[in-house]
Amino acid sequence: MTMKIVVCIKQVPDTTEIKINPVTGTLIREGVPSIMNPDDKGGLEMALRLKDQFGAHVTVITMGPPQAEAILREAMAMGADRSILLTDRKFAGADTLATSHALAGALKQLEWDLIVAGRQAIDGDTAQVGPQMAEHLDIPQISYVEDLKFDGKNLFTIRKQTEEGYQMLEVESPCLITVLASACKARYMSVPGIVKAYDFEVETWGADKIDVEEYRLGLKGSPTKVNKAFTKGIKSKGEVFEVEPEEAVGIIISKLKEKFII
Amino acid sequence: MNFDLTKTQLLFKQMIREFADKEVKPLAAEIDEQERFPVETVEKMAKLGMFGIPVPTIYGGAGGDNIMYSIAVEELSRACGTTGVVLSAHTSLCVAPILENGTEEQKQKYLPKLCSGEWLGAFGLTEPNAGTDASSQQTIAIEDGDDYILNGTKIFITNAGYSHVYIIFAMTDKSQGVKGITAFIVESDMPGFSVGKKELKLGIRGSATCELIFENCRVPKKNMLGKIGGGFSIAMKTLDGGRIGIAAQALGIAQGAMDETVRYTKERKQFGKSIAAFQNTQFQMADLQTKIEASRLLVRSAAFKKDSGQNYSTDAAMAKLYAAETAMEVTTKAVQFHGGYGYTREYPVERMMRDAKITEIYEGTSEVQRMVIAAKLFR
């Protein structure tokens with residue numbers, strides 16, 4: 001049996017290109033390119049490597065506005081086999097909980113041995129959607145994956161990053177993992193892949209196509225309320241020491257110790 | 001009328017730009033300094049299918065078009081002129097003539113391996129006494145049973161030594177003049193073929209530019225490309241296509257120098273403000289960027305005409321002439337904007353200026369382009 005992998009990806013603004021309006025303190029989104037979220041791309045690469053090594057069918061799925069189709073085409077040009085776009089006005093205004101319900105509702109309509117998501121998206125940095133989906137689907141999950149080995153049957157040996165170092169874990173399929181961008185350098189789209197990318201059909205699924213109660217979706221299903229958004233100001237100029245490197249090392253170490261960082 | 005790139009072309013541009021920034025740019029100074037052919041980059045390009053961009057999939061190509069190909073050469077050259085010409089010489093000067101003039105057997109034999117990058121390709125027309133006057137070929141090919149025996153020397157051959165397949169022109173009948181020139185597909189392991197001295201150059205120093213020597217080189221008759229005596233016409237048509245590639249290379253070098261100069265003039269402060277704040281800087285750079293954009297439109301228009309089966313000979317000549325002269329002007333001014341730093345190898349603009357110069361010379365000098373354009377005007 002060919003292993004079935006579903007990779008959840010998200011289109012995000014390229015935050016390295018974002019500028020903040022100094023007067024209003026809001027993001028200037030105009031002219032900012034949209035990209036595939038870096039952790040998701042790492043996850044897609046991990047799935048494609050499993051496909052290269054063991055043979056697998058890789059489906060990519062994203063929830064977003066119609067223009068999110070662009071990252072699905074990119075995923076196809078990298079080597080994915082099927083793509084699904086979840087798009088519906090009913091999904092609008094979703095927080096992480098409503099998003100994970102929608103995605104889990106779609107995942108229930110698909111077959112999978114492994115679900116891959118990025119650890120977190122660079123536009124929200126919550127790292128919640130992957131773990132929430134695993135809960136809704138009631139399957140084991142391992143987050144912060146930095147390496148994965150597969151025995152060719154059903155056992156994954158995983159290196160999970162922790163604050164102190166890492167853990168080595170084993171998990172059987174079906175399961176869900178969330179992957180770090182640094183886990184594997186994503187491949188480039190191939191030229192033949194690009195030429196074919198717009199020949200594939202991107203399946204568009206609305207709320208009626210997925211297995212979830214409607215009250216869990218969109219703004220209605222989102223308990224998170226944004227109270228206020230603000231730009232973190234610079235508190236002070238900081239201290240400047242003009243010293244020789246040897247002396248600088250000592251100062252840095254004592255300052256870090258003072259603040260209990262080391 | 002539509003000037004927009006298609007979605008496919010845009011997706012392609014996204015990939016190639018990222019590839020150029022991450023894989024090509026970091027090596028550009030090093031391969032220039034060491035005059036080293038970028039083998040590792042060529043391998044990566046091969047894996048991604050870049051060596052057969054405008055070739056149909058039935059011959060192992062990517063099934064793309066010449067607009068995509070010109071974008072590839074432009075974006076690679078934006079980072080590194082050497083890498084741009086490796087792709088251009090291979091695609092325009094070796095793959096294209098086989099695709100356009102080859103027999104079905106020749107296409108089946110050569111194109112898949114050329115497109116996969118397993119084999120690199122090159123083109124040999126220029127000789128010590130046949131430069132702009134390409135019809136004065138002294139390399140001769142004499143019929144001998146099932147073969148032709150080639151004798152002579154070709155010079156300034158791009159990708160020489162790293163290529164397996166060479167499109168070579170030789171006189172099969174001197175009495176016929178240009179109609180006595182025939183094209184051959186020569187493989188590097190054919191007896192009597194060898195690569196001579198490597199040129200030490202001003203720019204594109206990572207590109208392998210060498211002499212090719214034919215000493216009783218035995219080439220099977222089935223390797224004749226096109227008809228006997230049809231070589232000169234193949235050479236001229238091939239160079240028309242090649243000019244799109246070199247125009248794209250010049251365009252890329254110019255844009256690369258412009259990008260560096262925008263960054264530098266914003267950072268560099270003199271008289272208490274960034275030099276980008278001076279109107280002299282702004283006006284000069286506005287003029288240069290306008291010329292770059294005009295070059296881009298000429299390149300894309302020529303590529304579009306080639307893709308849609310129209311005659312593009314004059315368009316390609318105009319694109320190459322204008323883009324090459326623009327590249328020279330932009331890079332020279334880029335060095336000037338960088339001042340003393342621009343003259344050092346710490347900044348990439350001096351390399352770009354050296355790389356730009358060749359685009360006014362090879363695959364037809366600017367004077368040749370003017371001859372082609374004028375010939376159409378006054379015919």
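## Backbone outliers

A:F260 sits in the segment that follows α6 (245-258) of chain A. In this predicted model, A:F260 is not a glycine, yet its phi is positive, at about 60 degrees. A:F260 counts as exposed because it has 6 C-beta neighbours inside 10 Å, where the cut-off for an exposed residue is 12 or fewer.

A positive phi also occurs in chain B, at B:N216, a residue other than glycine, with a value near 50 degrees. B:N216 belongs to strand β7 (residues 209-220) of chain B. It has 11 C-beta neighbours inside 10 Å and therefore counts as exposed.

Chain A also contains a cis peptide bond, from A:S173 to A:P174, with omega near 0 degrees. A:P174 is placed in the loop between β11 and β12 of chain A.

## Chain A: overall form

Chain A has six helices and 13 strands. Its C-alpha trace spans about 65 × 45 × 40 Å along the principal axes. Of the 262 residues in chain A, 39% are buried. Among the contacts in chain A between residues at least 6 apart in sequence, 72% join residues at least 24 apart.

## Chain A: the sheet and its helices

Nine strands of chain A make up an open sheet with mixed pairing, in the order β11-β10-β9-β12-β8-β1-β6-β7-β13. The edges are β11 (166-172) and β13 (203-205) of chain A; each has a single partner strand, so one side of each has no neighbour in the sheet. From one strand to the next, the twist averages 35 degrees. At the β11(A) edge, strand β10 (residues 155-161) of chain A runs antiparallel to β11(A) and is joined to it by seven bridges. In this pairing, A:L155 is opposite A:E172 of β11(A).

Helix α1 (residues 38-54) of chain A lies across five strands of chain A, namely β1 (3-8), β6 (56-63), β8 (114-118), β9 (141-150) and β12 (175-179). Its direction is at about 150 degrees to β8(A). Helix α2(A) also packs on the sheet, where it touches β6 and β7 (82-86) of chain A. The direction of α2(A) makes about 170 degrees with that of β7(A).

## The contact between the chains

The contact takes 12 residues from chain A and 14 residues from chain B. On the side of chain A that touches chain B, the elements giving two or more residues are α2 (69-78) and α5 (191-197) of chain A. Helix α5(A) supplies the largest share of this side, five residues. By class, the side of chain A that touches chain B has nine nonpolar, one polar and two charged residues. Helix α2(A) thus appears in two settings: it packs on the sheet of chain A, and it gives residues to the side that touches chain B.

## Chain B: overall form

The secondary structure of chain B consists of 10 helices and 10 strands. Along the principal axes, the C-alpha trace of chain B spans about 80 × 45 × 45 Å. The radius of gyration of chain B is 21 Å, which agrees with the value near 21 Å for a compact globule of 379 residues.

Buried residues account for 54% of the 379 residues in chain B. Of the contacts in chain B with a separation of 6 or more, 74% are between residues 24 or more positions apart.

## Chain B: strand β5 and its partners

Strand β5 (residues 181-187) of chain B is mostly covered, with six of its seven residues buried. It is joined by seven bridges to strand β4 (residues 165-171) of chain B, and the two run antiparallel. In this pairing B:A170 stands opposite B:T182 of β5(B).

Strand β8 (residues 224-225) of chain B is also antiparallel to β5(B), with two bridges between them. Here B:F184 has B:M224 of β8(B) as its bridge partner.

## Chain B: helices α3 and α4

Helix α3 (residues 66-79) and helix α4 (residues 81-101) of chain B have axes that come within 6 Å and cross at roughly 155 degrees. At that angle α3(B) is roughly antiparallel to α4(B), because angles over 145 degrees count as such.

From α3(B), the contact is made by B:Y69, B:A72, B:V73, B:L76, B:S77 and B:A79. From α4(B), it is made by B:G81, B:T83, B:G84, B:L87, B:S88 and B:T91. By class, the contact of α3(B) with α4(B) has six nonpolar and six polar residues, and no charged residues.

Definitions and conventions: Residues are numbered from 1 along each chain as its sequence is written. Chains are lettered from A and ligands numbered from 1 in the order in which they are written. This is a predicted model: local features need pLDDT of at least 70, side-chain atom pairs count only at pLDDT 80 or more; totals for chains, interfaces and linings use all residues. Helices (H or I, at least four residues) and strands (E, at least two) are DSSP runs, numbered from the N terminus. A residue is buried if 20 or more other C-beta atoms lie within 10 Å of its own, exposed if 12 or fewer, and partly exposed in between; C-beta atoms are placed from the backbone. Two residues are in contact if their C-beta atoms, placed from the backbone, lie within 7 Å. Ala, Val, Leu, Ile, Met, Phe, Trp, Tyr, Cys and Pro count as nonpolar, Asp, Glu, Lys and Arg as charged, and the others, Gly among them, as polar. The radius of gyration is taken over C-alpha atoms; the globule rule is 2.2 Å times the number of residues to the power 0.38. Two strands pair if DSSP finds at least two bridges between them. Axes are lines fitted to C-alpha atoms, for helices over the stretch in contact, and angles run from 0 to 180 degrees between N-to-C directions. Angles under 35 degrees count as roughly parallel, over 145 as roughly antiparallel, 65 to 115 as roughly perpendicular and the rest as oblique.
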